[in-house]
Amino acid sequence: MRASIRLFAACSLAVPTLLAGQAKPDPRIDRLKSELATAIDAKAKLAQQMVDQVFSFGELGMQEVETSKYLTGILEQNGFKVERGVAGIPTAWVAKWGSGSPVISLGSDIDGIPQASQKPGVAGRQRMINGAPAHGEGHNSGVPLNIIAALAVKDIMTREKMPGTIMLWPGVAEEQLGSKAFLVRAGVFKDVDANLFAHVSDEFGISYGDESALSLISAIFKFTGQSAHAAGAPWRGKSALDAVMNMANAWEYHREHMELAQRSHYVITDGGDQPNVVPSTAAIWFYFRERDYDRVTKMFEDAKQIARAAAQATFTTLDTVQVIGSAWRPHFNKPIAEAMHGNAVRVGMPKWDDKDQTMAKAVQRMMSQPDSGLKTTVPPLRTPEEAAKASTGTGSDDIGDVTWNVPSVTLYYPSNIPGTPGHNWADAIAMATPIAHKGVVAGAKVQAMTLLDLMMQPRLVADAKSYFTNVQTKTVKYRPLMAPSDQPAIWLNAEKMARYRDEMRKYYYDPTKYATYLEQLGITYPTIPPVP
Ligand SMILES: [Zn+2]
């Protein structure tokens, strides 16, 4: 059921007698929103170029070098002032335009997924480069969406001589939850009045209150032992790998005694060099996820105890415990979510054509999912109760830390195919096709209209702050999950990217030669290989 549309707080200054939530749209804002939609349609070519370009870079977290260079270049060409290397993270940046209040920030992630290399527009497993990373999550689309929205609003603000500052920023290494808590700590959001985030999805998903996501701490446990000839003198060796395996085993026993909502998983990042040398070093990387600060902190403390015990039992040493990432469970701001949802209903879903639907259904059949195609309606605004029902636990997003420091909402926008597994090559198929391009244009309209709402209605900004102070943070106060001594893991993925970058460079999109990336790759859209 579609809830009645509330154009929240519109024109509350001009018509102060209207009841909250019943304001009728300000004709000036309404006219400017129509103008925004037209202006953004006219930027569809730029949207496609940016989405395709970032897709072709396919960079992993902390190594988004080309991506950040390209996106900040576009922003600088358009009059934004860019600060690079923010919070000690080389690929993080902040771009600002305008002056004075309010300061509204637009953020979105930029990193890719390991081994997700896949030809876009092809409904079957066809790698571009064996083993290479790619945008198997769709993080190539969000900052382009924000740029389109920002440029359109900037034009209107310039002409109408509106005060206000637009700030853009990237989610670096979101897959490792590796940057946003550090951006918060560095004071990036100190003067920001509201933050609009954007994340790829298969529909317009807008909600307020606690998200159905989990808080997270991610850490690498490093053990040291003593090497020896594994056959000639094994009694002289102390295996760090034994400690790692002991820790993993103990964690599996412990798992039985944890609350059901937890999620925890690990990979062994260092298992030694070769079998005939007793491993003198070994390392295991855990993600710990729980609902809140206290529970996830308890999990991490339990893990440290288990790690110490694992070392003791193997006569090795627990060398270091390095925090790689952390994330609070996101909480979205109700007044802003209501305004944003009103804008999503106004914009509506993209006009998918037969090719888009054929592509989507082929991908869904390939994955043995219902071939319902692309979604065509905007769902109602999601309440916290529905979010809680929807899931007993799921992923995490370090946007959570931002949402507990500044009133924020994430705009989920329809640029991918329903039914994909996430963090997978199949999620890359749509991300340089008209499905992604159209979703970004529609999403940019919603983002731009919400940005304009915040710029033109001090009442909305005040309501957002009041919700933040009097509801969201009334009893729960933000404390970083990481220690003051923890630093961004800027070395992450450096080796992996170095291995593939030269080969990937050959496939970077060249918009001066090709209308689209699909054209550059010689791919007919949609390509549906016979099911094997
Ligand atoms: Zn993501």
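Does Glu-66 fall on the buried or the exposed side, and what is its relative accessibility? Keep that in mind for the second view; we start with the whole chain, which is a predicted model.

**View 1. The whole chain, for orientation.** Before zooming in, here's the big picture: 15 helices and twelve strands make up the chain. Its radius of gyration comes out at 24 Å, close to the 24 Å that the globule rule gives for 532 residues, so the chain is as compact as a globular protein of that length. The C-alpha trace spans about 85 × 55 × 45 Å along the principal axes. Some 58% of the 532 residues count as buried. Take the contacts between residues at least 6 apart in sequence, and 81% of them turn out to join residues at least 24 apart. As for the surface, about 21,900 Å² is exposed, with carbon and sulfur atoms supplying 53% of that area.

**View 2. Glu-66 and Thr-67 in helix 3.** Back to the opening question: Glu-66 counts as buried, because its relative accessibility is 16% and the cut-off for buried is under 20%. This residue belongs to helix 3, which covers residues 65-77. Skipping neighbours within four places in sequence, Glu-66 is in contact with Phe-57, Glu-59, Arg-501, Arg-505 and Tyr-508. Thr-67 is also found in helix 3. What is the relative accessible area of Thr-67? The value is 0%, so Thr-67 is buried. Its contacts, again without residues up to four places away in sequence, are Val-54, Phe-57, Glu-59 and Ile-110. Phe-57 and Glu-59 therefore appear in the list for Glu-66 and in the list for Thr-67.

**View 3. The six-stranded sheet.** This open sheet runs in the order 1-2-4-3-5-12 and has mixed pairing. At its edges are strand 1 and strand 12 (408-414), each paired on one side only. On average, neighbouring strands here are turned by 20 degrees against each other, direction ignored. Starting from strand 1 (residues 81-84), four bridges lead to strand 2 (residues 93-99), and the two run antiparallel. Glu-83 sits opposite Val-94 of strand 2 in this pairing. Strand 2 also joins strand 4 (residues 164-171) through five bridges, once more antiparallel. There, Ala-95 stands opposite Leu-168 in strand 4. Which way do strand 3 (residues 103-109) and strand 5 (residues 194-201) run, parallel or antiparallel? They run parallel, joined by five bridges. Gly-107 is the residue opposite Phe-197 in strand 5.

**View 4. Helices packed on the six-stranded sheet.** Helix 4 (residues 142-160) packs on this sheet and touches strand 2, strand 3, strand 4, strand 5 and strand 12. The direction of helix 4 makes about 170 degrees with that of strand 4. Helix 12 lies across strand 3, strand 4, strand 5 and strand 12, running at about 155 degrees to strand 12.

**View 5. The largest nonpolar core.** The largest nonpolar core holds 167 residues. Which of its members touch the most others? Those are Ile-166, Leu-168, Phe-189, Phe-221, Phe-223 and Met-247. Helix 12 (residues 434-456) gives the most to this core, contributing 14 residues. Leu-168 is a residue we've already met, opposite Ala-95 in the six-stranded sheet.

**View 6. The four-stranded sheet.** Here the strands come in the order 8-9-7-10, in an open sheet with antiparallel pairing. Strand 8 (263-270) and strand 10 (317-327) are at the edges with a single partner strand each, so one side of each is left without a neighbour in the sheet. Neighbouring strands are turned by 20 degrees against each other on average, direction ignored. Seven bridges connect strand 8 with strand 9 (residues 281-290), and these two run antiparallel. Within that pairing, Arg-263 has Arg-289 of strand 9 as its bridge partner.

**View 7. Helices 6 and 7 on the four-stranded sheet.** Helix 6 (residues 240-255) lies across strand 7 (215-224), strand 8 and strand 9, and runs at about 20 degrees to strand 9. Helix 7 (residues 293-313) packs on the sheet too, touching strand 7, strand 8, strand 9 and strand 10. The direction of helix 7 makes about 10 degrees with that of strand 7.

Note on methods
Residues numbered from 1 in each chain as written. Predicted model: local features only at pLDDT ≥ 70, side-chain atom pairs only at ≥ 80, totals over all residues. Heavy atoms only, no water. Pairing = 2+ DSSP bridges. Axes fitted to C-alpha atoms, helices over the stretch in contact; angles between N-to-C directions. Contact = heavy atoms within 4.5 Å. Rg over C-alpha atoms; globule rule 2.2 N^0.38 Å. Buried < 20%, exposed > 50% of the residue type's maximum accessible area, 1.4 Å probe, protein only. Areas by Shrake-Rupley, 256 points an atom, 1.4 Å probe, with all protein chains shown as cover. Core = buried A, V, L, I, M, F, W, Y, C linked by side-chain atoms within 4.5 Å.
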